[in-house]
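Reader: I am in my first year and would like a close look at a single part of this model. Please choose one, take it slowly, and then connect it to its surroundings.

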Amino acid sequence: MPEPLEPFDDGRAIDHTGAGGPTDLAMEEAESLEKTPGGPLGTGPAGKPRSLWSDAWHDLRRNPVFIISSMIILFLVIIAIWPQLIASGDPLQCDLSKAQEGSQPGHPFGFNGQGCDVYTRTVYGARASVQVGVFATLGVTIIGSLFGGLAGFYGGGWDGVLSRVTDVFFAIPVILGGLVLLSVVTSTTVWPVIGFMVLLGWPQLSRIARGSVITAKQNDYVQAARALGASNSRMLLRHITPNALAPVIVVATIALGTYISLEATLSFLGVGLKPPTVSWGIDISSASQYIRNAPHMLLWPAGALAITVLSFIMLGDAVRDALDPKLR
């Protein structure tokens, strides 16, 4: 006699062949997919297909590179906002009698050339570096995405003018431009450095946004919306922008680490952040002349800078892999 029918949860039944062949295997796989809460790969809890963003988040949560880099960045942000959580001293309090001394109880990183605690200055230096990186990236992303997106969508004369303007900015060497523009600034705040980075950084994001918008507006769903009479603002905000953001987010994430490195470079050259601001670049600059006698003065701020930049680059790579379907 044939085996009894095995019911599904919804009352349906499948008749097994009993031979253990491909048909039975397919039946078992179908049953397992039916009973899995998440459904088949690429679908949500209700069996609906996931969007690009939910699919990317699904991949990121399982990427160890993303998890490690995110934890490091989260830690840096926390100590940038509340450095007193792990450093109780004053970064500007110095004792010349302890200048260039090594590690001591209560001062694990030793002292710099002015007798200031290197550990405290390294912790407090994260604030300026993270602040410059975050605000410079926000400014570059907003301005670059706005100009590039409009140029890619409307084209014509606007696109031609933007292309020529970006060519001019690309011809300016970043370090040379910083030496010229920031050498006349006497402010000790971070805003002149942020403004300089936004001024020379937005053309790169504008070209990324322009190319992404041009690709997105050629898709069938945009053409269908246009044929149905959708306005330009609706097509740009509803259909094009959400599908053109992925490359911009990837480039902006990687650029954040680059801006932190650029701030340290400009501060090392003496035209970036200026004392009494506490910065990794300033500490690296002041420690360079003592590298033979007291290498610990250079090791710790340089190590913190390298870990920070590497974390943002790793985060950007993980986000790129998750948002680019070709890399899956």
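**A patch and its setting**

Author: The nonpolar patch draws its largest share, six residues, from helix α6 (residues 174-182), where helices are DSSP runs of H or I at least four residues long, strands are runs of E of at least two, and both are numbered from the N terminus. Please keep in mind that this is a predicted model, in which local features need pLDDT of at least 70 and side-chain atom pairs count only at pLDDT 80 or more, while totals for chains, interfaces and linings use all residues. Residues are numbered from 1 along each chain as its sequence is written, and side-chain values use heavy atoms, with hydrogens and water left out.

The patch covers about 720 Å² of surface, and its members are Val174, Ile175, Leu176, Leu179, Val180, Leu181, Leu199, Phe268 and Leu269. To belong to a patch, a residue needs over 30% relative accessible area and no salt bridge, with nonpolar side chains (Val, Leu, Ile, Met, Phe, Trp, Tyr) joined within 5 Å and like charges within 9 Å; the areas come from the Shrake-Rupley method with a 1.4 Å probe, and for residues only the protein chains shown count as cover. Leu179, one of these members, is found in helix α6, and with a relative accessible area of 34% Leu179 is partly exposed, a word for values between buried (under 20%) and exposed (over 50%).

From the nonpolar patch we can turn to the charged pairs of the model, where the count comes to six salt bridges, each being a side-chain nitrogen of Lys or Arg within 4 Å of a carboxyl oxygen of Asp or Glu. In one of them Arg121 pairs with Asp283, and the closest N and O atoms are 2.9 Å apart. Because Arg121 lies in helix α4 (residues 118-154) and Asp283 in helix α10 (residues 280-287), this pair ties together parts that are 162 residues apart in sequence. Arg121 is buried, at 9% relative accessibility, and Asp283 is buried too, at 8%.

A second salt bridge stays within a single helix: Arg164 and Asp167 are three residues apart in helix α5 (residues 156-170), and so about one helical turn separates them. Their closest N and O atoms are 3.0 Å apart, and whereas Arg164 is exposed with a relative accessible area of 51%, Asp167 is partly exposed at 31%.

Arg320 and Asp321 also form a salt bridge, with 3.4 Å between the closest N and O atoms; Arg320 is partly exposed at 36% relative accessibility, and Asp321 is partly exposed at 31%. Elsewhere, Arg164, Asp167 and Arg207 are joined into one network by salt bridges that share partners.

Two details of the backbone complete this walk. Pro275 and Pro276 are joined by a cis peptide bond, with omega at about 10°, and Pro276 has its place in the loop between α9 (232-268) and α10, the helix that also holds Asp283. In the loop between α3 and α4 we find Gln100, whose phi is near 65°, a positive value in a residue other than glycine; with a relative accessible area of 30%, Gln100 is partly exposed.

Conventions:
Buried means under 20% relative accessible area, exposed over 50%, partly exposed in between (1.4 Å probe, protein chains only).
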